[in-house]
Amino acid sequence: MLVGLGVSAACAVGALAGLGAVVAVALPGRPEPWPVHLLRRAAGTAAAAAASV
């Protein structure tokens, strides 16, 4: 039961970190080709989510 709770918590923390990274990339002041950065961050977040499950 505790292992399942730990996995769920890890997924939640990863999702929040990914959301924060996406918001940070979308804010003004970032390098111009921001869709490229956004896609890289999204790919990394998706990979981390798949690995945690």
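Student: Which residues form a nonpolar patch on the surface?

Tutor: This is a predicted model, and the reading that follows rests on that. The nonpolar surface patch consists of Leu16, Leu19, Val23 and Leu27, which together have about 400 Å² of accessible area. One of these residues, Leu16, is located in helix α1, which covers residues 2-26.

Student: Is Leu16 buried or exposed?

Tutor: A residue is read as exposed when its relative accessible area is over 50%. Leu16 has 62% relative accessibility and therefore counts as exposed.

Student: How many helices and how many strands does the secondary structure hold?

Tutor: The protein has two helices and zero strands. The helices are α1, residues 2-26, and α2, residues 34-52.

Student: Why does the distance between the end C-alpha atoms of α1 agree with the span it should have?

Tutor: The expected span is 1.5 Å times one less than the number of residues in a helix. Helix α1 has 25 residues, so it should span 36 Å, and its end C-alpha atoms are indeed 36 Å apart.

Student: What part of the protein is buried, and what is the character of its accessible surface?

Tutor: Of the 53 residues in the protein, 6% are buried. The accessible surface amounts to about 4,000 Å², and carbon and sulfur atoms account for 78% of that area.

Student: Which residues in α1 are buried?

Tutor: Burial is assigned under 20% relative accessible area. In α1, Gly18, Ala21 and Val25 are buried. Val25 has a relative accessible area of 1%, and it is therefore buried.

Student: Where do residues of α1 and residues further along the sequence stand in relation to one another?

Tutor: Separation in sequence may be set beside separation in space, taken from C-alpha to C-alpha. Val25, in helix α1, is ten residues from Pro35 in sequence and 8.6 Å from Pro35 in space, C-alpha to C-alpha. Arg41 belongs to helix α2; 20 residues separate Arg41 from Ala21 in sequence, and their C-alpha atoms are 7.0 Å apart. Ala21 is itself among the buried residues of α1.

Student: How many residues apart in sequence are Ala50 and Cys11, and what is their separation in space?

Tutor: Ala50, a residue of helix α2, is 39 residues from Cys11 in sequence, with 9.4 Å between the two C-alpha atoms.

Student: Are Arg41 and Ala50 buried, partly exposed or exposed?

Tutor: Partly exposed residues lie between the 20% and 50% cut-offs. Arg41, at 36% relative accessibility, therefore counts as partly exposed. Ala50 has 57% relative accessibility and so counts as exposed.

Methods
Residues numbered from 1 in each chain as written. Predicted model: local features only at pLDDT ≥ 70, side-chain atom pairs only at ≥ 80, totals over all residues. Heavy atoms only, no water. Patch = residues over 30% accessible without salt bridge, like charges linked within 9 Å, V, L, I, M, F, W, Y side chains within 5 Å. Areas by Shrake-Rupley, 256 points an atom, 1.4 Å probe, with all protein chains shown as cover. Salt bridge = Lys/Arg side-chain N within 4 Å of Asp/Glu carboxyl O. Helix = DSSP H or I, 4+ residues; strand = E, 2+ residues; numbered from the N terminus. Buried < 20%, exposed > 50% of the residue type's maximum accessible area, 1.4 Å probe, protein only.
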